[in-house]
Amino acid sequence: MRNHSPGEGSQTGAYYGPESGTRWFGLWDGFFAVSYLVTAILLFLSSGSQSSHSIPIAALTLCVPWYAAVGRTLMIEDTYGPRNLVFAVGLVTLFCVTTAFNLVGAFALFAVIPMLIMSLPMISAVVLATVANLCPVLVVAFIGEDLGLSVLGVLPISLLSIALSMLLGLWIKRVVRQSKGRGQLIEELQRSRERVARLSHEAGISAERERLAREIHDTLAQGLTSIISLVQAAESEVRDAPDQAVNHLSLAGRVAKESLAEARDFVAALTPPALRGGSLSQAVRRQAEGLIAETGLEVRCSVMGEEKSLPMAVSVVLLRTVQEAIANVRKHAKQARTVDVIVLFDQGGVRLLVRDDGEGFTPDGTQEGYGLRGMQARVEEIDGVASVTSSPGRGTTVEVSVPVTALTGEAVSG
C-alpha cells in the first residue's frame, strides 16, 4: 500500500499495485475507445459546415491523450486531489467545445460521465456531470430553432443520459475497487503463505536440532562416559589385576565401536546397531550386561509376558530410555547395589521399568537434566507416558508405558 505525501492534496483511497488495478481496467479502456470511435464517426458523418466537423473532432481527439496522460493514472490509483479536479475540468471543457460546435458530440457523455465518477468524489462528480449534461441543453436553447429542436425535447434525453452514464460509471468504479480488494487479499495471502513456509522451515530446523541433541546425548555422550569409566578402572587394575584391566580395555574398545556406529547411523536416521538382528529384550539385556561390566553392580534383567514385535520407532524410544536410565544409575545412583530392568508385555501395550536402590533424590525438577527431559519428549512422540519416581534413601524408578494404540505401526524389530 502506498501512502501519498501531503503535497498531493487531500486524498482518500490507496494504491495496491498495477496488477490489481489494471486487470479489470482493461474493460474500461475498451469502452472508452469504442465511445470515442463511435462519436468521431457520427461527427464525421453529420451534416453541417466544415468547422462543425473539424473543430469538434479535434476537441474530442484531445480527450484521448488527456485521458491517457492524466486521467487514467488517477482513476487506477483511486486517489483524490487537485490533479483530479484539473483533469475533470479539462475533460468537461473539451466535451463542451465538442458539443457547442456539433450536438452529435453529446454522444461522448457515455464516456465522459463515468470518467468523472471514477476520478472525483461523488459530490464533485455529480456537479460536473450535471454541467456536462446541461451543455447540450444550453446549445439547443441558443441555436435550437435553426436545428429544429426544443429544450423540452432535449431535456428528458439529457436526464436519461445522466442516469445511465452515472449507473455505468458507478458499476465500473465498483468493479475496479473489488478487483483492487481481491488483489490486496491475494498479496496478503501470498505473504501469509511465505510466512507460514518460513516458520515451518524454522520449526523443522529446530526439531532436527532437538533430535540430533537427543541422539548425541543418548549415544555419544553416554558412550564416552562408559569409555572413561572403563579406562579409569583399567588404569587402577593394570598392576594388581592385569587380566581384569585387559577385559575393561576390551570392553572400552567395543563401546567405542558401538558409539561410532551409532554416530554414523543417527545422522542417517537408520536403525540403531543394538536393534539390528535382534529383539528389544536382547538389546536391553546387552545394556544390562554392559552396566555389570562397568560397575560391578547386581543388575537383574527380566522380560515378562509374551514378547511382541514392536514398531521400530517404539523399540528405539524404549532402548534410548534404558540407555538414559542406566547412564543415570552410573553417574548419579551413589551407594546403589542392585538395579532391576523389567520389560513387561501385556494386552494394554508395553511397559519398561528401571529401578535402583541408590540414595535417590527429591524430584522437584532441579535434578532433571537434559537427558530426562529428552527421554520424556521421546516417549510423548509415540503417545506414551514416562515418569520418574524417587525419594531420599529409597532409590529411583524410571517407568515408561506405551499403549497398544502406539503399537499398530509396521513391526520392524523382533
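**Chain surface, annotated spans and a mixed sheet in a predicted model**

The chain exposes about 21,900 Å², of which carbon and sulfur atoms supply 61%. The structure is a predicted model. Of the 414 residues in the chain, 42% count as buried. The secondary structure consists of 10 helices and 5 strands. Among contacts in the chain with a separation of 6 or more, 72% are accounted for by residues 24 or more positions apart.

An unreviewed UniProt entry carries the annotation "transmembrane region" for residues 25-45, 57-75, 87-113, 120-143 and 149-172. Two of these spans were examined for their secondary structure and end positions. Residues 87-113 are 74% helix and 0% strand, and the C-alpha atoms at the ends of this span lie 13 Å apart. Residues 120-143 are 92% helix and 0% strand, with end C-alpha atoms 32 Å apart.

The count of aromatic pairs comes to 2. In the pair of tryptophan 66 and phenylalanine 87, the ring centres are 6.1 Å apart and the planes stand at 20°; the angle is under the 30 degrees used as the limit, so the pair is stacked. This pair links distant parts of the chain, since tryptophan 66 belongs to helix H2 (residues 51-77) and phenylalanine 87 to helix H3 (residues 82-101), 21 residues apart. The two partners fall into separate accessibility classes: tryptophan 66 has a relative accessibility of 26% and counts as partly exposed, whereas phenylalanine 87 is buried, with a relative accessible area of 0%.

Serine 46 is located in the loop between helix H1 (18-45) and H2. Its relative accessibility is 14%, and serine 46 therefore counts as buried, the cut-off being under 20%. With residues up to four places away in sequence not counted, serine 46 touches His53, Asn102 and Val104.

Leucine 260 lies in helix H7 (residues 242-267). At 44% relative accessibility, this leucine counts as partly exposed. The C-alpha atoms of leucine 260 and glycine 223 are separated by 9.1 Å, and the two residues are 37 residues apart along the chain.

The 5 strands form an open sheet with mixed pairing, in the order S1-S2-S3-S5-S4. Strand S1 (298-304) and strand S4 (385-390) stand at the edges; each has a single partner strand, so one side of each is left without a neighbour in the sheet. From one strand to the next, the twist averages 10°. Strands of a sheet pair through backbone hydrogen bonds, in either a parallel or an antiparallel sense.

At one edge, S1 and S2 run parallel and are joined by 7 bridges. Within this pairing, arginine 300 stands opposite aspartate 340 in S2. Helix H8 (residues 280-295) lies across S1 and S2 and runs at about 170° to S1.

Strand S2 (residues 338-346) is joined to S3 by 8 bridges, and these strands run antiparallel. S2 and S3 form a hairpin with 2 residues between them. The bridge partner of isoleucine 342 in S3 is leucine 353. Strand S3 (residues 349-356) is mostly covered, as 6 of its 8 residues are buried.

S3 also pairs with strand S5 (residues 396-403), in the antiparallel sense and over 8 bridges. Two positions illustrate the register of this pairing: leucine 352 has valine 400 as its bridge partner in S5, and arginine 355 stands opposite threonine 397.

At the other edge, 6 bridges join S4 to S5, and the two strands run antiparallel. Serine 390 stands opposite threonine 396 in S5. S4 and S5 form a hairpin with 5 residues between the strands, in which glycine 393 takes a positive phi near 80°.

Key
Residues are numbered from 1 along each chain as its sequence is written. This is a predicted model: local features need pLDDT of at least 70, side-chain atom pairs count only at pLDDT 80 or more; totals for chains, interfaces and linings use all residues. Side-chain values use heavy atoms; hydrogens and water are left out. Buried means under 20% relative accessible area, exposed over 50%, partly exposed in between (1.4 Å probe, protein chains only). Helices (H or I, at least four residues) and strands (E, at least two) are DSSP runs, numbered from the N terminus. Two strands pair if DSSP finds at least two bridges between them. UniProt positions are given in the numbering used here, feature names are shortened, and annotations may be inferred rather than shown by experiment. Contact means heavy atoms within 4.5 Å. Accessible areas come from the Shrake-Rupley method with a 1.4 Å probe; for residues, only the protein chains shown count as cover. Rings of Phe, Tyr and Trp (its six-membered ring) pair if their centres lie within 6.5 Å; planes under 30 degrees apart count as stacked, over 60 as edge-to-face and the rest as tilted. Axes are lines fitted to C-alpha atoms, for helices over the stretch in contact, and angles run from 0 to 180 degrees between N-to-C directions.
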